[in-house]
Amino acid sequence: MLKSAFAVAAVGASLIFSTVVAGLPMQSRAEESAIATVLSKHAGSVVTVKFLLAMQENEREAEAGGLVIDPAGMVLVSNLEIGGSIGRGRESAQAKEIWVLIGDDTQGLPAKIIGRDTELELAWVQLDKPAEKPLAFVDPAKGVTVKVGDE
């Protein structure tokens, strides 16, 4: 079970990281090609998580990139981006009114945070209602074997 949870976290973290890094200048064509391959293969699984971030007495709309890891609508997202600073001595923040935007959707589907891992800085967001049709997703059980030296 722990191995499976770690695999989910590792795959999600690397794909979320890849989506963030995609906009940055690359050091080599090999790195650029590897990230492009991952993004093109799993583009349908990358979503936007939109929410209100409430901090003390004010709120602001915010977004974070997410990765669908279950066809019914479970999304892996960076815990730091959705108020994960809670309990770390920083300003307390709370993500609320969460919506998952899939593809070209601008309205989104309502969702809620169902779990957080503050050590790995990951959070799991679940659609309130299962998707009408299975969503494109990354299956953590079909991950790749990581070797020493792999980035």
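This report describes the strand arrangement, the nonpolar cores and one buried polar residue of a predicted model.

In the model, six strands close into a barrel in the order β1-β2-β3-β6-β5-β4, with antiparallel pairing. From one strand to the next, the twist averages 40°. Strands β5 and β6 run antiparallel and are joined by six bridges. Within this pair, isoleucine 113 stands opposite valine 125 of β6.

The largest nonpolar core comprises 21 residues, and Phe51, Ile82, Val100 and Val125 have the most contacts inside it. At least two residues of this core come from each of β1, β2, β3, β4 and β6. The greatest contribution is that of β1, with five residues. Apart from this core lies another, of six residues, including Leu67, Ile69, Trp124 and Val138.

Asparagine 79 is found in the loop between β3 and β4. This residue counts as buried because its relative accessible area is 0%, and buried means under 20%. The side chains of asparagine 79 and arginine 116 are joined by a polar contact of 2.5 Å.

The table lists the contacts of valine 125 and asparagine 79, not counting residues up to four places away in sequence.

| Residue | Residues touched |
|---|---|
| Valine 125 | Gly73, Met74, Val75, Val77, Ile82, Ile98, Val100, Ala111, Lys112 and Ile113 |
| Asparagine 79 | Gly84, Arg116, Asp117, Thr118, Glu121, Leu122 and Ala123 |

Valine 125 thus touches Ile82 and Val100, and these three residues are among those with the most contacts inside the largest nonpolar core. Arginine 116, the polar partner of asparagine 79, lies within the range 109-117 of strand β5.

Note on methods:
Residues are numbered from 1 along each chain as its sequence is written. This is a predicted model: local features need pLDDT of at least 70, side-chain atom pairs count only at pLDDT 80 or more; totals for chains, interfaces and linings use all residues. Side-chain values use heavy atoms; hydrogens and water are left out. Two strands pair if DSSP finds at least two bridges between them. Helices (H or I, at least four residues) and strands (E, at least two) are DSSP runs, numbered from the N terminus. Axes are lines fitted to C-alpha atoms, for helices over the stretch in contact, and angles run from 0 to 180 degrees between N-to-C directions. A nonpolar core is a set of buried Ala, Val, Leu, Ile, Met, Phe, Trp, Tyr and Cys residues joined through side-chain atoms within 4.5 Å. Buried means under 20% relative accessible area, exposed over 50%, partly exposed in between (1.4 Å probe, protein chains only). Contact means heavy atoms within 4.5 Å. A polar contact is a pair of N or O atoms within 3.5 Å; within protein, one must be able to donate a hydrogen and the other to accept it, and residues adjacent in sequence count only if both atoms are side-chain atoms.
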